[in-house]
Amino acid sequence: MTETARTARTGLPERPTLDGLEERWARRWQEEGTYAFDRSKATVPGRGAAADAPSRNGRSKDVYSIDTPPPTVSGELHMGHVYSYTHTDTVARYQRMRGKAVFYPMGWDDNGLPTERRVQNVYGVRCDPALPYDPVWRPPATPVDDAARRDPTPISRRNFIELCEQLTVTDEQAFEALWRRLGLSVDWSLTYTTIGRIARATSQRAFVRNLRRGEAYQSEAPTLWDVGFATAVAQAELEDRERPGAYHRLRFVASGGREVLIDTTRPELLPACVALVCHPDDERYADLVGGSVRTPLFGVEVPLHAHPLADPAKGTGVAMVSTFGDLTDVTWWRELRLPTRVVIGRDGRLLAEPPAGVPAQPYAALAGQTVNGARREIVGMLADTGDLIGEPRPITHPVKFYERGDRPLEIVSTRQWYLRNGGRDDALRATLLARGEELHWVPAHMKHRYDHWVGGLTGDWLVSRQRFFGVPVPVWYRLDDIGEPDWSHPLTPDESALPVDPSSDPAPGYDESQRGQPGGFVGDPDVLDTWATSSLTPQIVGGWETDPDLFATIFPMDLRPQGQEIIRTWLFDTVVRSHFEHGVLPWRDTVLSGWILDPDHKKMAKSKGNVVTPLALLEQHGSDAVRYWAASGKPGMDLAFDPAQIKIGRRLGTKLLNASKFALGLGAADALRAPNDNSSSARPTPRRDLELSATAPLDRAMLAELATVVTAASTAFDAYDHTAALQVTEAFFWRFCDDYIELVKERAYGTGAAADSARAALASALSVQLRLFAPVLPYVTEEIWSWWRYGSVHRAPWPTTHEVTRSIEGSGDPALLRLAGDALSQVRRAKSERKLSMKAEVPLAEALGPAALLEQLTLVADDLRAAGRIGKLDLLPDRTPELVIACAF
């Protein structure tokens, strides 16, 4: 039978190709709802058919729900996104094939600073809340230049928010198109945004309940402040960066004229000095503890205290406490109950007026200056008075920055909203650490990061931000008769009114004319930290309080996949919110992804300029090839970007196409057709399983080995180890192609029981392998499946060992396939060494080896002779300790 005839008979494509699969199948999947969440299977126990099959927390065992990370919509997706989101998609596809109704949403994190910064850079604008709304204002039609960015156009808050919304919609469309091309099996009807109406209502509802239960509170306190973004920053958003500085030695004077020298990197905070501290065991200053000293230049009397945080080995052993130079200053200020002398304002400049008790005359030279300018000025003044001892000593030291900022943080006194998180409550801290014990961590060592973070918290979660594009803090304040706000009794909305914007909606019981008037009200101007909304993603997408049946079906969720760097923010914050609101963990398992490294094994980051974007790679090599590269990295493992690995994935996809076409051309498709099916149409008639089974020893051996592969791959996927599942599947596939198909193809061409056995084994093996590869290579497996099977491979059941073994008549020995493959490879090598074609005849071949081994070889001798084109095969037992095939030409 010719290849053309076989192709025509089975309806196979004449020249299968990977090109164009993404467009065709992505469209088909969407049209047919292949990945839609099936709520009919997700009946809540006690409310329907699934009542007899409960699982944990009363949820249906037929549901698998994923709390998908919503990527930040403020730029381009990069290979790090492709890496981690592919991992999650393999989980979703595997669980769907295991028969689960998979709840797999996608969100867009579009509120907060990243979006604001992107809008400012793209359009050259800045928000000025004092400006009125301009309904006819339009942004520039083309991208602006650097000059426009340096001198941005001021626009009203409402105009600015509209611009943010406009840009995020464009970005979200681009992100979705790339995710669809990558083949994420997301149910796109479950898409949400963190600034959308549902998210705003959910975030505000949770905050109002936190406030009513006493978990949220407002406080005037030292606050980490980013001068560039003009907003408060939470502890979780900090990072240390090495920066140059200098130690300045200053002379203080104690009573009796004794000099007390201190080293400081921040002499500009001298007017904010409220105390000196030394260690309790430092005998050098024991006689001064409890007394006072006078500050240089200003002559302000401040106490000298003992405190264990003072380091006797650092500098002179005495430290200056200012309000506030760093977080240690805050600790000393709080624990020693020191006064407050704030000198730095929210704009990063020294205040126009000195703090109470600080003389105005020397301070006047510093007023209004930047921090750096004030430092230069005061160093000069101290040198003139002789209170600067020696020259400044250059150092490099870690300085606190906001993770997205480019200027050192300051600490200013502001009124902010906080959410309790165990930072000041040992009992709550212990409870949240216990929650971490309940959670299943993949990989397990990532739990240490959670424990370290929770154990090291120094304060509660600061959740208010002085920005514009975010979820408004849903409170108002009464104004007294002279127009002062009553901070201690905030007004909150009824939940039925959510979402609200206190900057434009009047307070409950008031009308808009009373805004800002004595006896009226004022709205809180702040927005919630973006994590305060993102920490509620299970509630946002799950219909908390809006779709109770859905929420009961999917919550608590099964999986939270995410980056390791946001354990301290997204993961921990979500645990906190779920603990307060529901008293349970929000999910059962968390899988943490590793970093993507550049070829020099450095972490890819936009700031380093070494980021690789995926679109060109997807277009050049195909989505399956890129997914293959991503799947080669395990959860938590850092992976170097390697284009060569993508090319290997491309070759694997091509081999799947060609090997499948060849196997189906041998008649494998017929083995799963009805006996009277002689159709030559491109798609087979409805299938009726045949009672065909693998009877030949080699066929039974191949399927027996495949059964072990199914077990190994299933075990790996259950453990979230997609890499191990892919490796064991791929290794078998190459043996299947290189050895098994070559050994049985002549037999499969024939007729009779031996040919039926080969075709049955080919059909079973191909069907199983396509499903094993499907979670990683969705496009090529769907394409091949469509050549001979109905429906989608991604809705087909996951293969089982029972399915494989039931097609074997009797039992099989996997070692027999390896033995036959070894023998055939020796014949091929003999031909290759003589530079002969693989089709060359071998008049005589001698098989040498242990008698028991050669006895096994007799079981596959006919297939070996056919595949090797061997005229005569002689068996010579016990001549060599291992198998040797000697060929005579």
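Reader: Which parts of the chain are tied together by the salt bridge of Lys634 and Asp721, and how many residues apart in sequence are they?

Author: In this predicted model, the side chains of Lys634 and Asp721 meet in a salt bridge with an N to O distance of 3.8 Å. Lys634 lies in the loop between helix H18 (623–631) and strand S26 (639–640), whereas Asp721 lies in the loop between helix H20 (697–718) and helix H21 (722–749). The pair therefore ties together two loops whose separation in sequence is 87 residues.

Reader: Is Asp721 buried or exposed?

Author: The cut-off that matters here is that buried means under 20% relative accessible area. Its partner Lys634, at 35%, is partly exposed. Asp721 has a relative accessibility of 18%, so Asp721 counts as buried.

Reader: Where in the chain does the salt-bridge partner of Arg209, Glu495, lie?

Author: Arg209 forms a salt bridge with Glu495, and the closest N and O atoms of the two are 2.8 Å apart. The pair links distant parts of the chain, 286 residues apart, with Arg209 placed in helix H7 (residues 197–212) and Glu495 in the loop between strand S20 (476–478) and strand S21 (521–523).

Reader: Which residues are linked with Arg209 in a network of salt bridges?

Author: The structure holds 52 salt bridges. Arg209 is buried at 17% relative accessible area, and Glu495 is partly exposed at 23%. Both belong to a network of salt bridges, in which Arg209 is linked with Arg205, Arg213, Glu215, Glu495, Glu545 and Glu581.

Reader: What is the relative accessible area of Arg266, which is buried?

Author: The side chains of Arg266 and Glu410 meet in a salt bridge of 3.1 Å, N to O. This pair links distant parts of the chain, 144 residues apart, because Glu410 is in strand S16 (residues 410–419) and Arg266 is in the loop between strand S10 (259–264) and strand S11 (273–278). Glu410 is buried, with a relative accessible area of 7%, and Arg266 is buried too, with a value of 14%.

Reader: Which residues are the closest to the centre of the second largest pocket?

Author: The second largest pocket holds about 1400 Å³ of space. Its lining is made up of 46 residues, and the closest to the centre are Thr265, Arg266, Gly325, Asp326 and His397.

Reader: Which element gives the largest share of the lining of the second largest pocket?

Author: Divided by class, the lining of the second largest pocket has 21 nonpolar, 13 polar and 12 charged residues. The elements that give two or more residues to this lining are strand S9 (238–254), S10, strand S14 (319–322), helix H8 (327–335), helix H10 (371–385), strand S15 (393–402) and S16. The largest share is 7 residues, and the element that gives them is S9.

Reader: Which residue, charged by class, is found in the lining of the second largest cavity?

Author: The second largest cavity holds about 50 Å³ of space, and its lining divides into 7 nonpolar residues, 1 polar and 1 charged. The lining residues are Leu269, Thr323, Phe324, Val342, Val343, Ile344, Glu410, Ile411 and Val412. Since Asp, Glu, Lys and Arg count as charged, the charged residue in this lining is Glu410.

Reader: Which strands stand at the edges of the open sheet with the order S8-S7-S16-S18?

Author: This open sheet has 4 strands with antiparallel pairing. S16 is joined to S18 by 2 bridges, and Leu419 stands opposite Trp461 in S18. In the sheet order S8-S7-S16-S18, the strands with a single partner, so that one side of each is left without a neighbour in the sheet, are strand S8 (231–232) and strand S18 (461–462).

Reader: Which residue of helix H23 is found in the lining of the largest cavity?

Author: Helix H23 (residues 778–788) is mostly covered, with 11 of its 11 residues buried, and Tyr779 is one of them. The largest cavity holds about 60 Å³ of space, and helix H2 (21–32), H18 and helix H19 (643–668) are the elements that give two or more residues to its lining. By class, this lining has 4 nonpolar, 5 polar and 3 charged residues. Its residues include Leu18, His621, Arg650 and, from H23, Tyr779.

Note on methods
Residues are numbered from 1 along each chain as its sequence is written. This is a predicted model: local features need pLDDT of at least 70, side-chain atom pairs count only at pLDDT 80 or more; totals for chains, interfaces and linings use all residues. Side-chain values use heavy atoms; hydrogens and water are left out. A salt bridge is a side-chain nitrogen of Lys or Arg within 4 Å of a carboxyl oxygen of Asp or Glu. Buried means under 20% relative accessible area, exposed over 50%, partly exposed in between (1.4 Å probe, protein chains only). Two strands pair if DSSP finds at least two bridges between them. On a 1 Å grid over the protein atoms alone, a cavity is a set of points where a 1.4 Å probe fits but cannot get out, and a pocket is an open set with protein on both sides within 12 Å along at least five of seven lines; lining residues have an atom within 4 Å of a point. Grid points are joined across faces, edges and corners, and a volume is the space filled by probe spheres set on the points.
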